[in-house]
Amino acid sequence: MTSQNKVKRLLAPEDELDWLGNVLIRSDLNVPISNGNVLDNFRIKKSIEYIEDLQNISTSITFTSHLGRPAGFENSLSLKPISDEMSKLLNQDVVFIKNNLDKEIINILKTKKKGIFLLENLRFNEGEINNDEKFAKGVAKPFDTYILDAFGACHREHASIVKIGNHLNSFQGPLMSKEIEELDKVLNVSNEDFTIILGGAKVSDKLALIKNLLPRVNSLLIGGGMCFTFLKALGHNIGNSLCEEEFIESAKEILDSTDGKKITLPVDFGVTKAIESHARNNIELSQFSDDDIGVDIGKETIKKFQEILSKSKTIFWNGPMGVFEVDEFSHGTKEITNAIAEMEAYSIVGGGDSVNAINKFSSTDKFNHVSTGGGASLEYLEGKSLPGVNIYNQLII
Ligand code: AMP
């Protein structure tokens, strides 16, 4: 093996590795695709950020990822459109390999040598989800080095997360290390100046996170559909707004645990009779009729949230403030996105829909960290130890 640039492993800085050979990278390229077109390439862009440095120290680079939850082969969940998008972004050919089986890859790697490759959807093979040893060994066979860089999937006990790496010289990738570093900031920040702002549809997804983080924050602001379960727990009439009845009790416990301090709920709303219909703005709860659906936060709430956010030094935001996909109901999300973007505070954003909102109303570079993590970020912030986190030394290039 030739000695080129040096790669250092964080846990053993004195130990230097010269050449990575044929590299297999497990990325999270699970992005929305419609009619063969990638609708949002944020995760792809983040996954290829360090590829030039990697090319300097490896023979070939092969990406692998899951997409969606296929039951066997499904054409609509093929990674082919992603290899096209990667080729565009990198301005070089990313060779798509339809078959994850080692023989084909060995042949391709032998003949093309210094290329960039993308394997077909890992989950087309049931060995991936079943965490099958034989499958893991087969995928690993043509390669020398494994880089686990799929933070968004590292909460899964799947072969590509916990098994393939056992057969190769394995590292934790730079994107994944960055995600962990940023989320650790959320877990360790001092509470006097820390605000969390949560929204989105489901309160059930975020209860564990709230329980884990509430003692560490100064303020928790709750908007989106999830605020209505809390408002109902306080005895308000929420009309026909989204509510998870079975979690009203948990919401009440959370509210009681802070004696009415720390948590701020909306006081006015954008309201409609049906999602397809028009909005009435700045409606207070006392004005809700039984068929009203709260779909956005109102003017007073935006002002109140902005005031609290402006006093914070660190902000963690997850989930839109309303049904922001519909222009008429997007005002609150837009205002909050832009307010955080302009603030001095250190801002960390998690969750797919908040990222979509940023892309719609602002720009990801106005935030200190925008997570690619989705469900995995939430589980990490719940305090869970995730199967794929910190199992390998960090790759630092
Ligand atoms: P989540 O995946 O839980 O973060 O939810 C994101 C979704 O929440 C988005 O598609 C929003 O349209 C939706 N959402 C936000 N606010 C509301 C609301 N007040 N009522 C219904 N859905 C909402």
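Biologist: Which residue takes a positive phi of about 55 degrees just after α3?

Modeller: Asn91, which directly follows α3, takes that phi. As a general idea, most residues other than glycine have a negative phi. Helices are DSSP runs of H or I with at least four residues, strands are runs of E with at least two, and both are numbered from the N terminus. The model is predicted: local features need pLDDT of at least 70, side-chain atom pairs count only at pLDDT 80 or more, and totals for chains, interfaces and linings use all residues. Residues are numbered from 1 along each chain as its sequence is written, and side-chain values use heavy atoms, with hydrogens and water left out.

Biologist: Which residues of helix α3 are buried?

Modeller: An α-helix has 3.6 residues a turn, so residues three or four places apart point the same way. Buried means under 20% relative accessible area, exposed over 50%, and partly exposed in between, with a 1.4 Å probe and protein chains only. In α3, residues 80–90, the buried set is Pro81, Ile82, Ser83, Glu85, Met86, Ser87 and Leu90.

Biologist: Where is Asn35 found, and is Asn35 buried or exposed?

Modeller: Asn35 belongs to the loop between β4 (33–34) and β5 (37–38). Its phi is positive, about 45 degrees, although Asn35 is not a glycine. Asn35 is exposed, at a relative accessible area of 77%. Lys262 likewise is not a glycine and has a positive phi, of about 70 degrees. Lys262 lies in the loop between α11 (248–257) and β13 (263–264), and is partly exposed at 28%.

Biologist: How should one read a buried loop residue, and what does the side chain of Ser312 reach?

Modeller: A polar contact is a pair of N or O atoms within 3.5 Å; within protein, one must be able to donate a hydrogen and the other to accept it, and residues adjacent in sequence count only if both atoms are side-chain atoms. Ser312 sits in the loop between α12 (299–310) and β17 (314–318). Ser312 is buried, with a relative accessible area of 8%, and its side chain reaches the backbone oxygen of Ile308 at 3.0 Å. His155, in the loop between β9 (145–148) and α7 (159–162), is buried too, at 15%.

Biologist: How many residues surround the ligand?

Modeller: A residue is near a molecule if one of its heavy atoms lies within 4 Å of it. There are 15 around the ligand, the closest being Ala201, Gly225, Gly294, Gly322 and Glu325. Counting Ala, Val, Leu, Ile, Met, Phe, Trp, Tyr, Cys and Pro as nonpolar, Asp, Glu, Lys and Arg as charged, and the others, Gly among them, as polar, the shell has six nonpolar, five polar and four charged residues.

Biologist: Which atoms lie 2.5 Å apart at the ligand, and how much of its accessible area does the protein cover?

Modeller: An N or O atom in the side chain of Glu325 is 2.5 Å from an oxygen atom of the ligand. A backbone N or O atom of Lys202 is 3.3 Å from a ligand oxygen, and a polar backbone atom of Gly225 is 3.1 Å from a ligand nitrogen. The protein covers 80% of the 510 Å² that the ligand has accessible on its own, areas being from the Shrake-Rupley method with a 1.4 Å probe.
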